Amino acid sequence: MALTLQALDNVGVEVSGFDINKPLTEEIKAELTSLWYEHAILLFRDQDISPEKQIEFSRIFGPLEIHPLKVNISEQYPELFVLENGGEKDKFSTAYYHGEEVVGRLDWHMDLHYTARPNHGALLRALVVAEEDGLTGFGDLAKAYDALDEKTKELLEKLEVAYSFSMQRRHMRYVDLEGYEPGPYSPKNPTDIGFPDFADAVYPMVVTHPVSGRKVLEIVEQFLDRVITPQQFGLSNDESIELLERLVAHTKSPEFTYFHKWREGDMVLWDNWRAMHCTTGTKPGVKRIINRTTIEGDVTLGRVLTAE
Ligand SMILES: [Fe+2]
């Protein structure tokens, strides 16, 4: 049975032509998995799916992980991570952008990237959607790599880049801080939300995808900190900063990114070893519920920095 594909804007595909509630043949499972590696971002619409089915469907792509933020885990289904907005907890993820109050906005990132061992992937299913805003952006960093000129590719092969975890957005060096003000309840330290104080994680600037072998530009704006010992590779500190600025702008180009406007029941699966994502957030008080399952990362792509 052939699945039906429809390209999303710029990157990713919508996959239809199967019923998630009917037993899926090994052939369809293999086809879904290879589509995941081929396109990195898959959208499924109009599937009538229960939490049990979401968990079962996610397992096609690998063993599932229990997210470290245990507070948000569904009691009944420990594999489900419930992202919920519209309540009292919103104040912790509220900030101001050009004077406007926004809940739940997140810069481009890969999940658990700061641990050097990112998740393999994740699947989001929208239960309650925001009428306006609340988009999730996805960016394909294999395509972003392919589009670089040969000279840049050659330079990047030699370089490593460090990511420094921090709670405060204004401490991040490569996010757009223009017009940004933290909210009064924005966490200030990792311990405020029960996180350990993570050491820096270092990655080759070009990571080879462990399964597909595609080259991935390992640049995401969130927590991006510095090139490791740039002078050893003929770059001054200033040049290395300008290089990172140029690469961050490149990864965010419209040709490598897709912004998903959620409809109730939509599911999006992405390959977190290749695709970055972000959220645009909503106005305060907007109800939004997303159930998320996470596919375990069984490969360490970077290294935790103990000495430089
Ligand atoms: Fe995320």
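Reader: What covers the buried residues of helix α2?

Author: The cover includes β4 (64-65), β9 (121-128) and β20 (288-295). The residues beneath are Gln54, Phe57 and Ser58, the buried residues of α2 (residues 51-58). They span an arc of only 95 degrees around the axis, which puts them on the same side of α2. That arc is taken from the directions that run from the helix axis to the C-beta atoms.

A word on the source: this is a predicted model, in which local features need pLDDT of at least 70 and side-chain atom pairs count only at pLDDT 80 or more, while totals for chains, interfaces and linings use all residues. Residues are numbered from 1 along each chain as its sequence is written.

Reader: What makes a stretch a helix or a strand, and how many are there in the protein?

Author: Both are DSSP runs numbered from the N terminus: helices are H or I with at least four residues, and strands are E with at least two. By that rule the protein has five helices and 21 strands.

Reader: Why is Trp273 called buried?

Author: A residue is buried if 20 or more other C-beta atoms lie within 10 Å of its own, exposed if 12 or fewer, and partly exposed in between, with C-beta atoms placed from the backbone. Trp273 has 27 such neighbours inside 10 Å, so it counts as buried. You will find Trp273 in the loop between β18 (267-271) and β19.

Reader: What does Trp273 touch, leaving out residues up to four places away in sequence?

Author: Trp273 touches Pro118, His120, His209, Pro210, Val216 and Leu301. Contact here means that the C-beta atoms of two residues, placed from the backbone, lie within 7 Å. For Pro118 there is also a C-alpha distance to Trp273, 7.0 Å, although the two are 155 residues apart in sequence. Across the protein, 81% of the contacts between residues at least 6 apart in sequence join residues at least 24 apart.

Reader: And Arg226, is that residue buried or exposed?

Author: Arg226 is buried, with 20 other C-beta atoms within 10 Å. Arg226 lies in strand β16, and its C-alpha is 7.2 Å from that of Ile241, 15 residues away in sequence.

Reader: What makes β16 an edge strand?

Author: Look at the sheet order first: β16-β11-β13-β21, an open sheet of four strands with antiparallel pairing. β16 (224-227) and β21 (303-304) each have a single partner strand, so one side of each is left without a neighbour in the sheet.

Reader: How do you know that β13 and β21 pair?

Author: Two strands pair if DSSP finds at least two bridges between them. β13 (residues 201-204) and β21 have two bridges, in the antiparallel sense, so the pair meets the rule. In this pair, Ala201 stands opposite Val304.

Reader: Which strands does β6 pair with?

Author: β6 (residues 94-97) pairs with β7 (residues 100-103) over four antiparallel bridges, and with β12 (residues 180-182) over three, also antiparallel. Tyr97 has a partner in each: Glu100 in β7 and Tyr180 in β12. β6 and β7 form a hairpin with two residues between them, and His98 in the turn has a positive phi of about 50 degrees.

Reader: Why do the buried residues of α5 line one face?

Author: Those residues are Leu243, Leu244, Leu247 and Thr251. Seen down the axis of α5, they fall within an arc of 95 degrees, so they line one face of the helix. On the other side, Asp238, Glu242, Arg246 and Ala249 are exposed. The buried residues pack against several elements, among them β16, α3 (141-146) and β19 (275-279).

Reader: What makes 58 residues one nonpolar core?

Author: A nonpolar core is a set of buried Ala, Val, Leu, Ile, Met, Phe, Trp, Tyr and Cys residues joined through C-beta atoms within 7 Å. The largest such set has 58 residues, and Leu269 and Trp270 are among those with the most contacts inside it. Beyond its neighbours within four places in sequence, Leu269 is in contact with Trp36, Leu42, Phe61, Gly121 and Leu123.

Reader: How do you know that the overall radius of gyration agrees with a compact globule?

Author: The radius is taken over C-alpha atoms, and the globule rule is 2.2 Å times the number of residues to the power 0.38. For 308 residues the rule gives a value near 19 Å, and the protein has 19 Å, so the two agree.
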